[in-house]
Each structure stands twice: as structure tokens, then as C-alpha cells.
Amino acid sequence: MWKPYAPSPNSWPPLTDTLARPGAPAAERPARPPRSRAWLVGAALAVGLLAAGLWALTVGPAGLGVKEAWLALASPGSGSLTPLQEAIVRDLRLPRVLTAAAVGAGLALSGAVIQALTRNPLADPYLLGLSSGASLGAVTVLLLGAAVVLPVAAFAGAMLAMAATLALAGALGCITPTRTVLAGLAVSSLAAAAASFVVFWTAQGDSYREVLGWLMGSLAGATWSSTAIALPALAAVGIPLMFCGRILDAFSFGDTAASALGVPVPAVRWTLLGATALLTGAMVSVSGSIGFVGLVLPHAVRMLAGASSRSLLPLSALAGALFLVLADTAARTVFDPREIPVGIVTALIGAPFFILLLLRRRSGA
Amino acid sequence: MTPPFPVSSGFLRPAAVAALTVLALTGCAGASQDPAQAQSPEATASNTADPGFPLELDNCGTEVSLDAPPERVVTIKSTSTELLLALGLGEKIVGTAFSDGPVPDAWTGSPVPPVLAEKVPSRESILALAPDLVFAGWESNFSADGAGERAQLADLGVASYVSPAACMEDGYRPSPLTFDDVFASIEEAGELFGAAGAAAELVEAQRAELEALSPSGKGYSALWYSSGSDTPYVGAGSGAPALLMESAGLENIASGIDAGWTPYSWEAVAEADPDVIVLVDSAWGSVEKKKAVLESHPVMSQLRAVRDAHYLVVPFAASEAGVRNVETVRSLTEQLAALD
């Protein structure tokens, strides 16, 4: 019914090709689980997110627990807490938890959308160079003092990197997942080298620590102004993206099939990729490049709730939010009163999970 | 910056470094033989001239051996430059690098040493000056992509030295750092540079000055804010900042962490709400920048010390273990007295 490698240079083969067990494509797209299962997973994730968010408000080096957090938020100025203690909960912990949730949701959603659009289970904002491009844009603004707003520079960097990746993959001939990955790798390395050069050249003394924390991805600097970028970006770009599952499901059967279903393939693909770059750029501009969230969480959700994009997108967003809230709380409390960049935590959890994923597929062959 | 796949620049780099190292070693082995042989008669001649030489010492776990006091010295970071200037050995400096700030007025009378590099110089640029010793402020300055590994430099006939107060290895790192460690470092440098007499005089004068200072009796708590904006990098419990704060009568809010400096959290700072904040002034992190970070931060702007502008200022070069520590204690006590 669909051709795996359509002759059109601007088409991708199906998602099943790269890592699927040979001769068992059904394993990649199992019989769709009952709709109720997706609802169940969604409800569990939503409850988990709410619980994790509330818990994160009650832990931290300052030792303000449940009671103090409640007092700080519910009855500010009542006199039972000092103004400074109230500010710790209201202006440090709360915006940080909200920013973590928004960034986690945005990155996981971007990953899920890119994986579906490129039919490439290895794709994520990192792999296609979006994160490195956004970093380069942001680092340039931060260190060279270019007169551009940070999220705009990050978006421009992400967009340029993605365009370069796809153009390069296209120039190699038919765009296959392998070519996309290799092109993304080249662009990502180039952007990373350029960003490192800017950092290396301008950072002095021990100020490199600051930049390193930023490049590793950190939410330590999150304030209400970070939340004011991350949450609206999620609402304006992320939420519409979540409802594109039906279109992405049409894509999963190949460009020809999608066209037959009435989807204007190139226009939709570029619109969705542009939206993803915008979302990634906004998130990277507040948190730095946090790795593995976009790659790993959509896979985790697929294991739990099936591969249908209609449920995958909202569930990935919820799972990403939950994951990053937990990871960031670990980053700021495990070594209390020291902090580590949250990107270290996500890589420590994400990389082994990714290896497991690869091994599971191999052993199934 | 961390692509999730193994084929990254980080993956390739060790191999490239290893290859370059091999090239460097094989390429330089022949060249380094000749100067060493040429120098040996001279070295034996100076043996008789200089008491205390040949000298061998265990420096942060690296064996340093010198046949005669070094005559051509490259200094990296201000602490090492200033130590030589304080010992009256400024004319032996053939190049300085990675300075943390301008040379203090006290020493501007002596010849101003030539500047080799603004940042950490490369090994080759150092070797071009044909030094007999490289004196660095941090052990980490001696890295393959910095001034060169210490063993490599030794093979090339260039000795390397780090002030013992700056050693990082367990068993070498002074923990906690005391003024005795600082003074012992000055005395050891005196022996190394063949200026033991000048070092002894300097230490005697500094001890007397330190004893004459009276620490603030107010028991003020303090944050030592060294750098950083998202994650503050602060003076911790066992290095030079801890020593300087304690000597000035300040109680360090981060004293529980056994390190010289540490990444800290704003939440912990807010919880402690310190009486004063020590701002470390450097070319890359000016006092103005740090004040701006504190005053624009939604929570830090509410700290008592920030609202009342209870700031103390210390130049970065004087905040690491070295000849300016006593001066820093004096400055801190004077600034504290001026707050009241």
C-alpha cells in the first residue's frame, strides 16, 4: 500500500525502518491499544505531575516544608514567615518548578513531533542540530552582546540549524533516517564547535563555570521572567502542536499515503518543523540545552500507551514535564546546598535508558 | 552541547590529543637533548655557588628538581607574579600570563614584567621564551591544552612549580588553609628562587602586621560571592576565602562545605540572609556586575545586606592564597569598621 522509499527527494521512509526488527514491522506499530489505556496513562501522568510539582515546592536547601510552603503561597504577609522565606517559595521555587514543567513538556513534544515527521525514531531536537543551533544563537547574544532578544536569537539558531540539516540530508539524495541523522550530526557538531569557540574565546577566569552550567542545561537561574517565556511558548506553539496527531498519523504511512489522505505534504511538514524549531528555541533560551528529554520520553510513552500520535503527543508533553520537574528537583537538592546543572541529571538517566532501548530492539531481532 | 550519540567531538578528542602528544614527544626528544647537555657544565659550576642547590622537592605530588636558582621564570596568574615581585625578583620574570588584575601600586616601582598572554598561554609560546621555570597559580594551568603537562615540561628541561597552598591533591591540599600554610609557601618559594633571606623578612613583617590587626568582634555572617549569576560560586569552608573571613572576624555561611570555593544555591543564601556580602572584584566579574545581579534578583534584592548595601570588596588576585592575604584581612577589617 505504501512505498518505503518514495522516489521524491523530499520524502521520508516510514518510521519503522531504522530500528525495527527485521521482518516484524508490527512490533514498531503494535495493534493500537484501547483508547481507554491512553486516558489511563494520561490521568496517571497528570496526577503525577501535579504531585511532583507540589512536592518540589516543599523541598530545598532552606528547609521550608509543606506547612511553610502552604503559608507562603496561601496567606502571604500573615507574619508567620519572614518576607524572605515567602520569597524563597514564591519567587525561587514556584517559577522554577513551572519553568521546568514547561521546558520538559516543550522538549518532549518537540522530540515526538520530529520523530513522527521525519519517521525517524532517533530524531530529537538535539540530533537534528536544533539545540546546538539554539545554543549558538544564545551564546552569541550572551557573550558577544549582540543586540537581539535572547529567545529570538535561539529561535533563529534553531531554525538555521534545522534548515541546514534538512538541506544537507536532501542534497545527499532521498532523505532517509540515516542521512538525516548524519546530516544532523554534522550540523550539530559545527554549531557546537562555533558555540564552544565563542565561549572559549570570551570566557575569562572562573566565569567559564557560568557558561558551562548554561551549556549543560540548567534551571538554576529560573525566575518569573523565564516562566514568562516558557509557559506562553508552550501555550501558543506547544498546545496547537499537540492536536496535530491525526496529521502525523497520516504521515506515518508515507508521503504518498498522506497525500492520498488529502494532506498537503510539503506545506504541513515545513509548518510543523518550523513550529518545533520555535518551541525548542524558546525552551533552550531559558534553560540551555538540556539533553535526552526529547529523545527518550516519547519512546517511554510509546512503550506504555502505543504509537498513535494522537495520544503520543499530549502524553509525551505530560511525561516530559513530570520528568524534568523531578530531575531539576534532584539537581538542586541531592547535593544540598550545592547545585548541579540539570542537564547532567537528564543525561545520567536518559543515556542508560536509551542504551536499554537499543539493546531491547537488538535482542528482539 | 552534549549530543546524545557517541560520535561527538568529545569522543574523538582523546585520540587526537594522544596522537599530538606522541608527535610532540618524539619530535621534541631530539631537540631537548642538546640544551640539557649544553647546560650541564654550567649547572655543576653553579652548584658550588648557590647553597641549597641542587634542590629537589615534592610539589603537589610532582618532583621538581633544580640545579640552580631559576633565572628565567614565566608566571601564570597574579598570585605567582606578585610573590616574585614581593621577594624582589621581578627582573627574573620573562613573561606573565593570565593576570587577574593590575599589579598593585606597591610594586609598580620595580620593572614591570612583560606580558606573554592575557589567558593561559600555550606550551609552545612558553617554550619560545626558554624559561627554566614556569610558576603557576593553579595546578590546572598545567594541562595539555594549557601550559603543558608538568612531566612533559620536565622532559623538555623546564621545571614547573605551584604554590603548595594551591595544591589540590588529597594529602597536599591544606585543609583548612591557615596563615602558617601561606607563610610556609612564601618561605618555600624563597628557597626555590634562592632568596630565602628575603622570604624570611617578608614573612616576619607579615606575621607582625597580622598580629597587630584586630578582627571585628560583631560576629557578622558573610557570603563570599566570587562569581556566577544563575548559580553563585562562593567561598567555602577550607580555602583562602574561609581563612580571610575568619581572620577578619566574619562567619562564613558556606563554612559547612569542605572546599576552597563551591557552586552554591541562591535558596541557601536567602535562608542564611547574611549580614554582609564580600564581592570579589575581577576584570571578568566586576563589583558593579555582581551588585547588578544581586539587586535585580527577585529574592536576593530582599536580603538585608543588599538592601543596606553592606558590601565588602576584595580584588580577585588578593582572594587567593598568597602575599596579599594579610593586606586583604586589613582591608576587610577596615571596611567592616566603616560599616558601623
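## A walk through chain B and its contact with chain A

Let us start with one helix: α5(B) has 14 residues and reaches 20 Å from its first C-alpha to its last, close to the 20 Å expected at 1.5 Å a residue. That expected span is 1.5 Å times one less than the number of residues. Helices here are DSSP runs of H or I with at least four residues, strands are runs of E with at least two, and both are numbered from the N terminus. The model is predicted: local features need pLDDT of at least 70, side-chain atom pairs count only at pLDDT 80 or more, and totals for chains, interfaces and linings use all residues. Residues are numbered from 1 along each chain as its sequence is written, while chains are lettered from A and ligands numbered from 1 in the order in which they are written.

Which residues of α5(B) are buried? They are V182(B), F183(B), S185(B), I186(B), A189(B), G190(B) and L192(B). A residue is buried if 20 or more other C-beta atoms, placed from the backbone, lie within 10 Å of its own. An α-helix has 3.6 residues a turn, so residues three or four places apart point the same way. The cover over the buried residues of α5(B) includes β1 (55-59), α2, β7 (159-162), α6 (196-212) and α11 (325-339) of chain B. After α5(B) comes G194(B), with a positive phi near 65°.

Now step back to the whole chain. Chain B contains eleven helices and 13 strands, and 45% of its 340 residues are buried.

One sheet of chain B is open and has five strands in the order β5-β4-β3-β6-β7, with parallel pairing. Two strands pair if DSSP finds at least two bridges between them. At the edges sit β5 (115-117) and β7 of chain B, each pairing on one side only. Inside this sheet, β3 (residues 73-76) and β4 (residues 93-97) of chain B are joined in the parallel sense by four bridges; in one of them, I76(B) has A97(B) of β4(B) as its partner. Across β3, β4 and β6 (133-136) of chain B lies α2(B), at about 130° to β3(B). Such angles run from 0 to 180 degrees between N-to-C directions, with axes fitted to C-alpha atoms, for helices over the stretch in contact.

Another strand to find is β12(B), residues 276-281. Five of its six residues are buried, so β12(B) is largely enclosed by the rest of the structure. It pairs in the parallel sense with β8(B) (residues 221-227) over four bridges and with β13(B) (residues 311-315) over five. Look for I277(B): this residue of β12(B) is the bridge partner of L223(B), and its own partner in β13(B) is Y311(B).

The domain assignment, which is automatic or from a database, splits chain B into domain 1 (53-208) and domain 2 (221-339). Their centres, taken over C-alpha atoms, are 27 Å apart. Where they touch, domain 1 of chain B provides 20 residues and domain 2 of chain B provides 19. A contact means that two C-beta atoms, placed from the backbone, lie within 7 Å. On the domain 1 side, α2 (78-86) and α5 (179-192) of chain B give two or more residues, and α2(B) has the largest share with five.

Finally, chain B also meets chain A, in a contact of 44 residues from chain A and 32 residues from chain B. On the chain A side, α3(A) gives the most, with six residues.

How values were computed:
A residue is buried if 20 or more other C-beta atoms lie within 10 Å of its own, exposed if 12 or fewer, and partly exposed in between; C-beta atoms are placed from the backbone.
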